[in-house]
Amino acid sequence: MSDPLPPFVRATTELFRELNDESEIFVLLDIRAHAQAKWGLYHLACADADKMINYAGDLATGYMRKGKVCSMFGYHVQAIDAYNQGLKYATSNLLQIDWFTTAKKASLAAVQKHVDFLALLPTEMVYYIVTGLPKKTRFACMAVSRAWRQQILGCACLWVKMSVTGTNKDVALCTMHHIASHIQDLTIDTSNEAIHREYLSSMKIFGRIRSLTLTVPKIYNINSNPIVLDGLRQAPPTLTSLNIALEGNKGMITVPELLSACKMLKTLNYSTTGPMLIKRDGMHELAPHPLTDLELDALSVIGHDLEGILQRCNQLRRLVMSACTTSVLDAVNQHAPNLEVLGYCTSYLQVPSLDQKSHPSRPGLRDLFVSRVSELDGAAPSVLLPLVYRHRFTLQRIFAHTMDITERELQTISTKFPDFKLEGLTSLAISFDTGTHEFFLNSIRGSTTLRAFNAFSVIELDEVVELLMHLPPLEKLRLTYLLFPANYAGLIHLFERYALLLAKPQELEVSFYYCPRITVNVLVALAAIKSLTRLSLCKLDSVTVQDMVDFLYKMKNNLRSIDLRDMRSVTDKTIAALADTQSRLEHILLEKLPAVTDYGLQTLICQQSKKLDSLIVVHCPRITETCLKNYSKMVVNLNYIPSYKAIEA
């Protein structure tokens, strides 16, 4: 694939490293800015013009170049500003004064020449253009003229999704009655009480609405609850999905009240800052409900509160709770016969969405995600493991981080369920610090269906390797918090086996998270697996910069996705190995890498931009936002998060 930059620009860039004379650098900047502008790289050309001005602000040449670049791309207002600045420094050069004056007149003429291009374009083309505009720009276009407003309001596809997030009452309400009939997905998240109330009181005019995301602000009190519920009662029967967040509402609007107001809901996401409250006197009034997907984000959910909801929502197929007690498992066992996805204490987990295809011929759990918020809560193994056994024939994915189990409890359960085998399981994630791992490992011995395995807080690595050596090669392997000293010979042998067995069509994804003792020998064995296409590395402190460079050069023809987090061995030199033009990388995540600079990122983007679909940069202090803005148009999806905010793995 050809280089995204012209050879002349690349050659000029290489020359900068050899020059020390400022006058020579100034001339090269002018040449490169011109070449980049011709190539269509507006931001890079402007950046070089600004550098010229910084080098010699008292000369008119830098302003001349910036004006030319801006004018070439149609930014005539910015060009006029550059020409005015240039005239201040061209007082003794008649040729420059004449040039600036002529160029400024041309830009002024372009600014003053008004052409209603929307009136000249076909309607389909107008809709295509307006659809790509940000919401703020869209509203600004509507204020240009009555004709523009009518055209934009008439674009039905433009208003399928609508988000009301501002506090400007005029903007939020002036278009509501014009576009309400087009809206299918509506978000109301504003602190302006008037806007909030107006949209809720007008819910009946949203005739095609399917999904509503509603934030009930702190300004609402218990007397405001009827406004919310009355608005939801007015909503057309097409409303099947509701995502409601109660800010400071302390659970005053309850789940049964929402189900009574929205009788055709299929999906409900309920979030409150307090515990989930159920008004006992209203439960008997709740008729059977067709809800299939329920997500509860509250400080606590107990089985007694959940029981009444499950009794009236017997079609429920997905239930996710961010914080709950073990008693909810008893309620699930008794009153959720059609449940397929269960999430328990999942405050930091991404629980899979519901499979749209039902399984009436064989009901039972498909996905079970159980975590713990602290050392004092979590699912008791004495309750969870019988649930797993009950659904052993249907379970496909399990994430299990339970409370600790005693040897006596483990022996009792093993005796009670001697034939505990999860023969249909495709994905298993387990913690080795609670004692239940032996139970789960025994359940997958001899499995022919397991495709993904995630082991965290591993104490005995040989125990994991021995199991995996007797299973067919996995598609995903993840080791997390491998903190204890271990013999990696077994892991190396496993990767050598994968290198021999894995055929090219079968792709492998490997992740090491917080494994500071992983050695270069492990990476060498990993590099021999030609089907390894996705790799995630985090906190591999025993690996040097040269180890990483050598490893990435060996992997350059195979890798399509790589995540690098908190790695001291990742520097500009490492990034240069990623930037090799022969690599097939489509996705790159760089997070918390203090040794990577703008230069490394520029090298990566310039050589990989035509292949990359996604580049995410998180908290890399030596990578500047200016650098990313200059190259933002060269990558399809480029995201920059300057402050530390971990990306979901």
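A residue is called buried when its relative accessible area is under 20%, and in this predicted model threonine 436 meets that description, because its relative accessible area is 1%.

**View 1. Threonine 436 occupies a loop between a strand and a helix.** The loop in question runs between strand E11 (427-431) and helix H21 (437-443), and threonine 436 is buried within the predicted model. Once the neighbours within four places in sequence are set aside, the residues in contact with threonine 436 are Pro381, Thr402 and Ile405. The C-alpha atom of glutamate 409, a residue 27 positions away along the chain, is separated from that of threonine 436 by 10.0 Å.

**View 2. The whole chain is given as background for the close-ups, with 28 helices and 19 strands making up its secondary structure.** Of its 649 residues, 50% count as buried, and the chain exposes about 30400 Å², of which carbon and sulfur atoms supply 54%. Among the contacts with a separation of 6 or more, 70% are accounted for by residues that stand 24 or more positions apart.

**View 3. Lysine 66 and aspartate 50 form a salt bridge, one of the 19 that the structure holds.** The closest N and O atoms of lysine 66 and aspartate 50 are 2.9 Å apart. This pair links distant parts of the chain, since lysine 66 belongs to helix H4 (residues 61-72) and aspartate 50 to helix H3 (residues 42-55), with their positions 16 residues apart in sequence. Lysine 66 counts as partly exposed at 24% relative accessibility, and aspartate 50 also counts as partly exposed, at 29%.

**View 4. A salt bridge joins the side chains of aspartate 367 and arginine 397, with an N to O distance of 2.9 Å.** Aspartate 367 lies in strand E9 (residues 367-370) and arginine 397 in strand E10 (residues 397-400), so the pair ties together parts that are 30 residues apart in sequence. The partners are covered to unlike degrees: aspartate 367 is buried, with a relative accessible area of 4%, whereas arginine 397 counts as partly exposed at 33%.

**View 5. Arginine 565 and aspartate 563 meet through their side chains in a salt bridge of 3.7 Å, N to O.** Both of these residues, arginine 565 and aspartate 563, are buried. Salt bridges with shared partners also join Lys539, Asp541, Asp566 and Arg568 into one network. Within that network, lysine 539 is placed in the loop between strand E15 (532-538) and helix H25 (545-555), and its phi is positive, about 60°, although lysine 539 is not a glycine. Lysine 539 is partly exposed, with a relative accessible area of 27%.

**View 6. A nonpolar patch on the surface is formed by Phe117, Leu121, Met125, Tyr128 and Ile129.** Together these residues have about 480 Å² of accessible area, and the largest share of the patch, amounting to three residues, comes from helix H8 (residues 123-131). Methionine 125 has its place in helix H8 and is partly exposed, with a relative accessible area of 39%.

**View 7. Tyrosine 389 and phenylalanine 420 form a tilted aromatic pair.** A pair of aromatic rings is described by the distance of the centres and the angle of the planes. For tyrosine 389 and phenylalanine 420 these values are 5.5 Å centre to centre and 40° between the planes, and the count for the structure comes to 14 aromatic pairs. Tyrosine 389 lies in helix H19 (residues 381-390) and phenylalanine 420 in the loop between helix H20 (407-416) and E11, so the pair ties together parts that are 31 residues apart in sequence. Both tyrosine 389 and phenylalanine 420 are buried, and ring pairs link them with Phe439 and Phe440 into a cluster. The ring of tyrosine 389 also has the charged end of arginine 392 over it, 3.9 Å from the ring centre.

**View 8. Tyrosine 481 has a positive phi of about 55°, although it is not a glycine.** Tyrosine 481 is found in the loop between strand E13 (476-480) and helix H23 (489-501) and is partly exposed, with a relative accessible area of 39%. A further view may be taken of tyrosine 513, over whose face arginine 478 lies at 4.0 Å from the ring centre.

Methods:
Residues numbered from 1 in each chain as written. Predicted model: local features only at pLDDT ≥ 70, side-chain atom pairs only at ≥ 80, totals over all residues. Heavy atoms only, no water. Helix = DSSP H or I, 4+ residues; strand = E, 2+ residues; numbered from the N terminus. Buried < 20%, exposed > 50% of the residue type's maximum accessible area, 1.4 Å probe, protein only. Contact = heavy atoms within 4.5 Å. Areas by Shrake-Rupley, 256 points an atom, 1.4 Å probe, with all protein chains shown as cover. Salt bridge = Lys/Arg side-chain N within 4 Å of Asp/Glu carboxyl O. Patch = residues over 30% accessible without salt bridge, like charges linked within 9 Å, V, L, I, M, F, W, Y side chains within 5 Å. Phe/Tyr/Trp six-rings, centres within 6.5 Å; stacked < 30°, edge-to-face > 60°. Lys NZ or Arg CZ within 6 Å of the ring centre and 35° of its normal.
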